[in-house]
Amino acid sequence: MKVAVAGCCHGALDKMYETLELLQRRHNVRPDLLLCCGDFQAVRNEADLRCMAVPAKYRHMQTFYRYYSGEKKAPVLTVFIGGNHEASNHLQELPYGGWVAPNIYYLGYAGVVRFRGVRIGGISGIFKSHDYRKGHFECPPYNQQTIRSAYHVRNIEVFKLKQLKCPIDIFMSHDWPRSIYHYGNKNQLLKMKSFFRQEVESNTLGSPAASELLQHLKPTYWFSAHLHVKFAAFMQHQTNSKEELPKATKFLALDKCLPHRDFLQIIDVEHDPSAGDSLEYDAEWIAVLKATNSLINVTQTSWNMPENNGLHAKWDYSVTEEAIKEVLEELNHNLKIPCNFTLTAACYDPSKPQKKVEPVHTINPQTTEFCAQFGLTDINDRIQQTKEEGSVRGEHEEEEEEEEMDSIGSAEEPSEYNTDNSGFSSINPDEIMLDEEGGDEDLSTCSVDPSPDHPPDFSASFSDIRIMPDSMAVSSDDAMDSTNEELEKSGVSKQVEEKSLNERPLKRIGGNENGNSGIKKIKRRNQAIYAAEDEDKTE
């Protein structure tokens with residue numbers, strides 16, 4: 001089975017699908033499945049644009065709305081995860097995954113599905129330590145904090161994925177697993193992206209949560225995006241016992257969807273010839289969702305997942321064969337995901353722009369049906385209930401306070417300003433959040449290679465094998481970087497370069513200079529990005 005993998009497409013669906021059609025005409029290669037590693041931007045209308053964490057001047061309507069309205073249909077089954085530049089209000093409707101348009105499926109906050117017997121998993125968003133232990137509490141309309149925290153990875157999603165025992169064939173994350181750069185051609189990476197050097201050398205580039213999943217799941221393939229540079233690595237995992245067969249992961253990070261960029265990759269994946277052509281639920285994953293349903297948190301309270309530390313009566317939520325059989329029986333052994341896409345918001349109409357439309361918190365019928373079928377908590381329904389309960393409590397507290405103030409004759413006049421600051425943190429609201437968030441400082445897209453006309457020949461071949469320690473600690477021996485030059489020679493997959501795209505590269509924006517050393521570090525990276533983008537604009 002041929003699988004196409006794309007990096008950040010930033011809403012340019014027409015151009016991405018045109019590239020696949022060009023591939024078929026020129027090389028007679030037709031992918032059976034398209035995977036997108038985040039920053040998909042499923043923007044339906046102007047309200048969705050306002051829920052994307054990008055500066056207003058970069059909020060341009062791309063082409064997804066044509067697929068949402070039914071004007072167009074994706075020519076190939078497309079499965080994607082969320083990144084850090086998404087219409088968060090739209091994706092939030094589908095926390096367990098679902099169809100955002102006919103033939104385009106979102107994996108949810110975290111998810112596992114099957115296609116032709118191939119097991120595909122993924123986790124949406126990017127890692128930020130200050131939100132990692134919180135629940136999914138955000139809902140539209142977002143404020144300056146929640147519009148970003150909405151796409152931050154949470155520990156409960158990582159915990160769920162770590163309950164899986166059956167092998168994963170393909171896994172996707174938006175940001176890279178931390179330390180992955182030490183298992184590929186690191187020197188070549190730093191030649192292309194010199195401003196990564198400090199983070200690479202300090203081993204702070206990438207997601208520690210993704211590294212934890214990589215170590216646990218050991219998938220055959222792992223695909224990422226986010227940093228807008230193509231990079232390949234090959235890791236051989238340590239075995240837990242002498243009886244266990246050694247496992248290895250082929251990692252590939254994809255570039256962004258722009259002219260002269262190698263943003264698409266075709267791989268051949270072994271599949272089950274007897275399997276159907278429909279996207280299917282994964283029975284073990286459904287069983288894990290059922291087992292962990294009681295752990296759902298929709299508050300800002302930070303908490304740790306259960307672990308074997310003497311503080312929890314139960315810490316192992318992996319499922320038995322019996323639990324998996326129960327799921328199969330519930331579905332009558334029919335795992336096909338229903339094609340139950342429904343419109344939940346008005347679609348953009350170029351002839352009737354609606355610039356003042358406000359985003360609303362929506363319960364998606366797909367999620368309602370999914371939760372009812374498997375006995376799961378509808379996260380958005382729980383959020384709404386929590387808000388209503390909080391509102392009622394707030395009214396009672398205000399009444400009691402007024403009565404107390406009246407009794408002493410010193411009630412103040414009500415303020416004309418909204419005094420609800422529950423959504424605010426100690427972070428300076430005037431500060432641009434992106435610098436503080438490290439890799440998240442890019443509000444639109446990332447950097448551009450120095451020479452767009454001659455992109456580096458950095459193939460997805462995997463010839464450098466390094467043993468991954470349990471802790472994913474960095475090896476002090478960098479001599480193997482020289483052997484990574486072999487990465488460019490063996491060529492396990494076909495690369496596609498689309499030169500008809502005309503997207504304008506979007507800028508990063510800088511932050512407040514009065515921050516700590518981390519902010520200065522990111523500012524230096526931004527300067528390099530600006531320089532690269534300026535060169536790209538002259539082409």
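In this predicted model, the lining of the largest cavity draws its largest share, three residues, from helix α4 (residues 88-92). The lining comprises 19 residues in total, and Tyr-106, Tyr-109, Ser-124, Ala-150 and Tyr-151 are those that lie nearest the centre of the cavity. By character, the lining residues divide into eight nonpolar, eight polar and three charged. The space in the largest cavity amounts to about 180 Å³. The count of cavities of 30 Å³ or more comes to eight.

Phe-80 has links to residues named in this lining. Phe-80 is found in strand β3, which spans residues 78-80. Its relative accessible area is 0%, and Phe-80 is therefore buried. Beyond its neighbours within four places in sequence, Phe-80 is in contact with Cys-36, Phe-40, Leu-91, Val-100, Ile-104, Tyr-105, Tyr-106 and Leu-107. Of these contacts, Tyr-106 is also one of the residues nearest the centre of the largest cavity. Ser-124, another of the residues nearest that centre, is 44 residues from Phe-80 along the chain, and the C-alpha atoms of the two are separated by 8.8 Å.

The chain as a whole contains 16 helices and 15 strands. Of its 539 residues, 54% count as buried. Among contacts with a separation of 6 or more, 80% are between residues 24 or more positions apart.

In soluble globular proteins, nonpolar side chains tend to be buried together. The largest nonpolar core of the model has 123 residues, and Phe-40, Ile-104, Trp-176 and Phe-223 have the most contacts inside it. The largest share of this core, six residues, is contributed by helix α11 (residues 283-291). Another core, of nine residues, lies apart from it and includes Leu-49, Tyr-58, Tyr-65 and Tyr-348. For Ile-104, the residues touched, not counting those up to four places away in sequence, are Leu-13, Tyr-17, Phe-40, Tyr-67, Ala-74, Thr-78, Phe-80, Gly-98 and Trp-99. Phe-40 is thus in the contact lists of both Ile-104 and Phe-80.

A charged residue in the interior was also examined. Arg-119 is part of strand β7 (residues 118-123). Arg-119 counts as buried because its relative accessibility is 1%, where the cut-off is under 20%. Two acidic side chains make polar contacts with the side chain of Arg-119: that of Asp-282, at 2.7 Å, and that of Glu-284, at 2.5 Å. Glu-284 falls within the residue range of helix α11 (residues 283-291). With residues up to four places away in sequence left out, Arg-119 touches Val-112, Val-113, Arg-114, Leu-164, Cys-166, Pro-167, Ile-168, Asp-169, Ile-170, Asp-282, Glu-284 and Trp-285.

Helix α10 covers residues 208-217, and its buried residues include Ala-209, Ala-210, Ser-211, Leu-213, Leu-214 and Leu-217. The N-terminal end of α10 is capped by Ser-207, with a side-chain oxygen 3.2 Å from the backbone nitrogen of Ala-209. Just after the helix, Lys-218 takes a positive phi of about 50°.

Further backbone features were found in loops. Most residues other than glycine have a negative phi, and most peptide bonds are trans. Asn-103 has a positive phi, near 75°, and is located in the loop between β4 (98-101) and β5 (104-106). Asn-103 has a relative accessible area of 23% and so is partly exposed. A positive phi, near 55°, is also found at His-228, in the loop between β9 (221-224) and β10 (231-237). His-228 counts as buried because its relative accessibility is 1%. The peptide bond that joins Pro-140 and Pro-141 is cis, with omega about 0°. Pro-141 is placed in the loop between α5 (129-132) and α6 (146-149).

Key
Residues numbered from 1 in each chain as written. Predicted model: local features only at pLDDT ≥ 70, side-chain atom pairs only at ≥ 80, totals over all residues. Heavy atoms only, no water. Helix = DSSP H or I, 4+ residues; strand = E, 2+ residues; numbered from the N terminus. Buried < 20%, exposed > 50% of the residue type's maximum accessible area, 1.4 Å probe, protein only. Polar contact = N/O pair within 3.5 Å; in protein donor to acceptor, adjacent residues only side chain to side chain. Contact = heavy atoms within 4.5 Å. 1 Å grid on protein atoms, 1.4 Å probe; cavity = no way out; pocket = protein on both sides within 12 Å on 5 of 7 lines; lining within 4 Å. Points joined across faces, edges and corners; volume = space filled by probe spheres on them. Nonpolar A, V, L, I, M, F, W, Y, C, P; charged D, E, K, R; others polar. Core = buried A, V, L, I, M, F, W, Y, C linked by side-chain atoms within 4.5 Å.
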